[in-house]
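The exercises below are meant to be worked through with the coordinates open, and each is followed by a solution in steps.

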Amino acid sequence: MTLFKNFMQISAYLFLSFTLNIIHWVPSLLVETVVNVSIIVLYILSVFFVYKMIRTIYENQVKKSLYKVSMYAAILLSYIGMFAIIMIGTGYNKSTYIETYKFKDKVFYVYQNSDLSYEVSLKDDILPIRSVPIASFKDDEIRLKKEKDYIYAVLKKIHKKIYNMKINKKEKNE
């Protein structure tokens with residue numbers, strides 16, 4: 001039972017670190033540092049529970065077999081390695097911060113995605129260290145502009161309404 005409990009703890013820490021990796025955080029050095037340190041700590045905790053699990057397996061064996069324990073260790077460390085490889089893959093798909101815009105009490109961020117498209121995100125009201133994507137453009141670099149109660153994305157040939165400040169809602173993309 002303790003082996004299953006340890007395996008579930010390992011899985012929970014790995015899923016939590018993966019979740020922290022894929023969330024769009026606001027472009028802040030402090031937030032990025034805290035998130036990265038948290039991910040490292042979660043991986044260290046996962047390796048510690050692998051150690052506890054291997055030690056329990058070894059102590060419960062009647063005939064102490066190093067080959068079986070080595071096999072279990074390799075399987076569990078491969079499990080952790082699989083999560084690390086997936087996190088590296090999702091890390092390459094992250095966006096690059098371009099610019100911040102502030103209109104009244106709303107903060108907007110412009111990011112460049114890995115496919116060279118541009119994305120506009122809004123700072124989340126519920127969790128202020130997270131940003132929520134509201135529009136994406138495949139054209140040249142965009143700028144944001146406020147006219148009356150609307151936020152517009154301005155490109156070379158496009159002047160598109162993306163956010164309604166009056167009702168605090170993003171506009172439909174067509």
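**Exercise 1: a position in helix 2**

V41 is found in helix 2, in a model that is predicted. Decide whether V41 is buried, partly exposed or exposed, and check whether the length of helix 2 agrees with its number of residues.

*Solution.* Begin with accessibility: partly exposed covers the range between under 20% and over 50%, and V41, with a relative accessible area of 41%, is therefore partly exposed. Next, turn to the length: helix 2 has 32 residues (residues 29–60), which at 1.5 Å a residue should span 46 Å, and the 47 Å between its end C-alpha atoms agrees with this. Finally, consider the surroundings: the buried residues of helix 2, among them I39 and L42, are covered by parts that include helix 1 (2–22) and helix 3 (66–92).

**Exercise 2: a lysine in strand 2**

Determine whether K106, in strand 2 (residues 106–112), is buried or exposed, and list what K106 touches beyond four places in sequence.

*Solution.* The relative accessibility of K106 is 4%, so the residue counts as buried. Leaving out residues up to four places away, its contacts are Y101, L122, D125, Y163, M165 and N168.

**Exercise 3: an aromatic pair**

Among the eleven aromatic pairs of the whole structure, classify the one formed by Y97 and Y109.

*Solution.* The ring centres lie 6.5 Å apart and the planes make an angle of 65°, and the pair is edge-to-face. Because Y97 belongs to strand 1 (residues 96–103) and Y109 to strand 2, the pair ties together parts twelve residues apart in sequence. As for accessibility, Y97 counts as partly exposed at 37%, whereas Y109 is buried at 7%.

Notes. Residues are numbered from 1 along each chain as its sequence is written. This is a predicted model: local features need pLDDT of at least 70, side-chain atom pairs count only at pLDDT 80 or more; totals for chains, interfaces and linings use all residues. Side-chain values use heavy atoms; hydrogens and water are left out. Helices (H or I, at least four residues) and strands (E, at least two) are DSSP runs, numbered from the N terminus. The expected span of a helix is 1.5 Å times one less than its number of residues. Buried means under 20% relative accessible area, exposed over 50%, partly exposed in between (1.4 Å probe, protein chains only). Contact means heavy atoms within 4.5 Å. Rings of Phe, Tyr and Trp (its six-membered ring) pair if their centres lie within 6.5 Å; planes under 30 degrees apart count as stacked, over 60 as edge-to-face and the rest as tilted.
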